[in-house]
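Reader: I am new to this structure and would like a close look at one part of it, the place where charged side chains pair up. Please take me through that part slowly and then show me what surrounds it.

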Amino acid sequence: MKINDNIDSLEKYKISYKKSIQSSENFWDEKAERLNWYKKWNKTKSSDFVKGEIEWFIGGEINASYNCLDRHIENGFGNEIAIIWEGNDPDHSRSFTYNELLKKVSEFANALKDLNVKKGDRVCLYMQMIPELAIAVLACARIGAVHSVVFGAFSSDSLRDRINDSKCKVLVTQDTGVRGEKQNIFMKKNADNAVKETPSINHVIVVRRTGEPVHMDNKKDIWWHEAISNVSSKCKPEKMSSEDPLFILYTSGSTGKPKGVMHTTGGYLVYASYTHEIVFDYKPGDIYWCTADLGWITGHSYIVYGPLSNRATTLMFEGVPNYPDYGRFWEIVDKHKVNQFYTAPTALRALMKEGNKWVNNKDLRSLRLLGTVGEPIKEPEWNWYSRIIGKNNCPIVDTWWQTETGGILITPIPNVTPTKPGSATFPFFGIEPVLLTDEGEEILGNNVSGLLAIKNSWPGQMRTIYGDHKRFIDVYFSKFPGYYFTGDGAKRDRDGYYWITGRVDDILCVSGHNIGTAEVEGAIGKANGVAEAAVVGYTHDVKGHAICAFVTLMTGLEPDDMIYNQILDSVTKEIGPHAKPDKIHFTPSLPKTRSGKIMRRILRKISEGDFENLGDITTLADPGIVKDIISSLR
Ligand code: PRX
């Protein structure tokens with residue numbers, strides 16, 4: 001029984017939501033039945049937020065790869081398409097049926113076994129968005145090896161540190177990569193540099209993607225195609241306990257050392273699978289596309305594990321939104337008749353900025369649902385997405401979640417929850433968000449703001465930071481005992497809708513008022529001509545903090561007094577005069593990490609005129625941007 005089959009109104013959502021909280025264990029027991037288990041669990045959950053000990057479906061045995069592949073084939077769907085792969089160049093795509101994918105996964109699983117990879121061993125996957133990445137993920141899951149995917153744009157030093165932190169035994173990479181205009185991303189070369197200082201790596205498996213010549217060490221390195229040339233195409237899935245680790249995924253922390261977020265098998269898969277079906281209203285036969293990279297949690301949960309466990313056709317894209325032109329996303333939607341499209345607001349802003357001519361010559365009528373993730377979406381891009389892409393015909397799901405949460409926690413239920421642009425709306429079934437004061441008191445009622453925390457566990461919750469359980473407790477559970485602390489701020493409006501205001505370290509205290517940087521950015525974004533804005537606080541004698549805004553204008557526009565005043569008026573109108581920026585800098589673009597997050601730390605320094613101590617800027621997608629911004633101020 002699918003929950004949204006019976007829910008066609010907000011009232012019904014509220015009733016079902018209440019039930020999911022009141023009888024949480026029954027609720028999740030029922031949801032876990034959607035998967036095939038070798039052995040049923042004997043206890044639904046045990047969670048202790050003081051010790052950071054969380055377990056779900058205790059005693060159960062399951063295999064994630066079996067649930068994503070074999071069982072669909074056993075049910076007669078082996079010839080359905082599992083993955084559509086769209087290459088960097090428009091004329092380059094491939095597809096894999098469930099039968100074909102199972103064969104490839106099994107072969108690679110056997111190749112890993114031949115290299116002595118065993119249940120519990122860690123395998124690092126450092127690749128671009130090529131089919132072999134998804135195959136390797138599922139192959140690890142099949143034999144119980146723990147995958148650690150490292151985003152393909154990370155440097156060799158970052159790769160080295162991540163490999164060493166989790167002591168991976170094997171590294172899988174590719175010769176070189178292509179991404180947009182970049183025709184030669186030196187993956188193997190970076191891997192070579194990294195493995196000079198990774199004593200745990202015994203073997204490096206290399207996919208031949210471009211055919212560019214690369215150095216192969218005859219002791220350590222093996223071509224992927226050779227590794228699978230002499231293996232059986234059948235591989236029995238390993239029976240995993242619910243709480244056996246499935247993967248580690250590194251995410252940045254406030255200390256600079258990345259955190260190895262660890263997810264386990266049973267609970268994670270139940271959560272990814274169930275949320276994927278409900279939030280994206282996934283129906284068999286739909287073509288579903290999430291534009292994220294598999295190097296991030298969104299790719300793990302909503303390109304691979306969620307969709308494939310639901311027998312979806314999931315699209316995987318190697319390229320970028322602006323290659324060969326700004327119409328590429330929409331061309332792919334038309335080419336493959338995509339029904340659900342899930343992307344990040346940063347991509348939408350970049351595309352919106354280029355105008356509608358890239359969209360107007362596309363059909364886009366296959367689209368039934370649009371989603372966003374990763375940062376607050378502001379009203380202008382929400383409206384553009386809804387009107388220009390969705391033709392006012394597609395619900396938009398603004399999904400709030402984190403690497404740590406494994407899956408979506410706050411989201412509209414499509415066609416059920418009336419949306420408000422910029423609000424992630426209400427908690428998903430089984431999720432209990434609360435707003436806390438700085439002292440950890442729960443803030444009740446509506447029309448309030450506070451720190452966002454989650455009461456009680458959910459199956460997709462991370463289980464530990466790999467190798468550092470103490471840090472896990474310190475970061476997420478010590479500050480507010482009894483809660484999982486998200487690190488985000490949020491407000492609950494008078495109708496009970498949640499609005500994520502950004503990381504709490506991005507909340508500014510201006511003359512005693514708490515102001516979310518995201519709120520100010522939203523207001524600035526509504527001024528005519530603004531493409532994107534980032535807001536930081538700088539130290540101010542009287543106000544404590546004053547606001548400095550970095551603003552990028554639409555292509556072709558030059559800053560002038562009119563735009564300047566419109567920005568101030570917009571902030572005054574949307575928030576109040578206390579939130580007006582004291583400084584506005586017009587810049588050619590904003591410094592972003594490779595995952596599209598604005599690095600406010602750098603802007604903070606620039607806003608204080610401290611150009612010499614900007615700290616590490618190597619994780620920026622384009623470190624050169626910093627110089628451009630500084631020279632635009634001079
Ligand atoms: O600040 C929130 C923001 O992204 C953070 C999580 O980042 P990461 O672990 O990289 O995972 C991103 C993909 C799930 C959150 O703490 N965030 C994520 N989704 C939203 C969001 N902020 C506002 N609205 C969202 N929909």
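Author: Lys 526 forms a salt bridge with Glu 379, and the closest N and O atoms of the pair are 2.7 Å apart; a salt bridge here is a side-chain nitrogen of Lys or Arg within 4 Å of a carboxyl oxygen of Asp or Glu. Lys 526 lies in the loop between α17 and β28 (530-540) while Glu 379 belongs to helix α15, so the pair ties together parts that are 147 residues apart in sequence. Helices (H or I, at least four residues) and strands (E, at least two) are DSSP runs, numbered from the N terminus. Lys 526 is partly exposed, with a relative accessible area of 31%, and Glu 379, at 31% relative accessibility, counts as partly exposed; buried means under 20% relative accessible area, exposed over 50%, and partly exposed in between, with a 1.4 Å probe and protein chains only.

Before going further, please note that this is a predicted model, in which local features need pLDDT of at least 70 and side-chain atom pairs count only at pLDDT 80 or more, while totals for chains, interfaces and linings use all residues. Residues are numbered from 1 along each chain as its sequence is written, and side-chain values use heavy atoms, with hydrogens and water left out.

A second pair is formed by Lys 378 and Glu 521, whose closest N and O atoms are 3.4 Å apart. Both Lys 378 and Glu 521 are buried. A search of the whole structure finds 37 salt bridges. In the pair just described, Lys 378 sits in the loop between β19 (369-373) and α15 (379-389) and Glu 521 in helix α17 (residues 517-525), so parts that are 143 residues apart in sequence are tied together.

To place these pairs in the chain, it helps to know that the chain is divided into domain 1 (1-505) and domain 2 (510-633), with bounds that come from an automatic or database domain assignment. The contact between them takes 17 residues from domain 1 and 20 residues from domain 2, where contact means heavy atoms within 4.5 Å. The C-alpha centres of the two domains lie 30 Å apart, and three salt bridges are counted between domain 1 and domain 2. Together the domains bury about 1,500 Å² between them, 55% of it on carbon and sulfur atoms; buried area is the accessible area (1.4 Å probe) that two parts lose on being put together, summed over both. Lys 378 appears here again, for Lys 353, Lys 378 and Thr 501 supply 35% of the area that domain 1 buries against domain 2, more than any other three residues.

A further pair can be followed within a single helix. Lys 470 forms a salt bridge with Asp 474, the closest N and O atoms being 2.8 Å apart, and both residues lie in helix α16, four residues apart, about one turn of the helix. Lys 470 is exposed, with a relative accessible area of 58%, whereas Asp 474 counts as partly exposed at 38% relative accessibility. Elsewhere, salt bridges that share partners join Arg 349, Glu 375, Glu 381, Glu 532 and Lys 592 into one network.

The loop that follows α16 deserves a last look. Pro 481 has its place in the loop between α16 (469-476) and β24 (483-492), and Pro 481 is exposed, with a relative accessible area of 60%. Although Pro 481 and Phe 49 are 432 residues apart in sequence, they are 7.2 Å apart in space, C-alpha to C-alpha.
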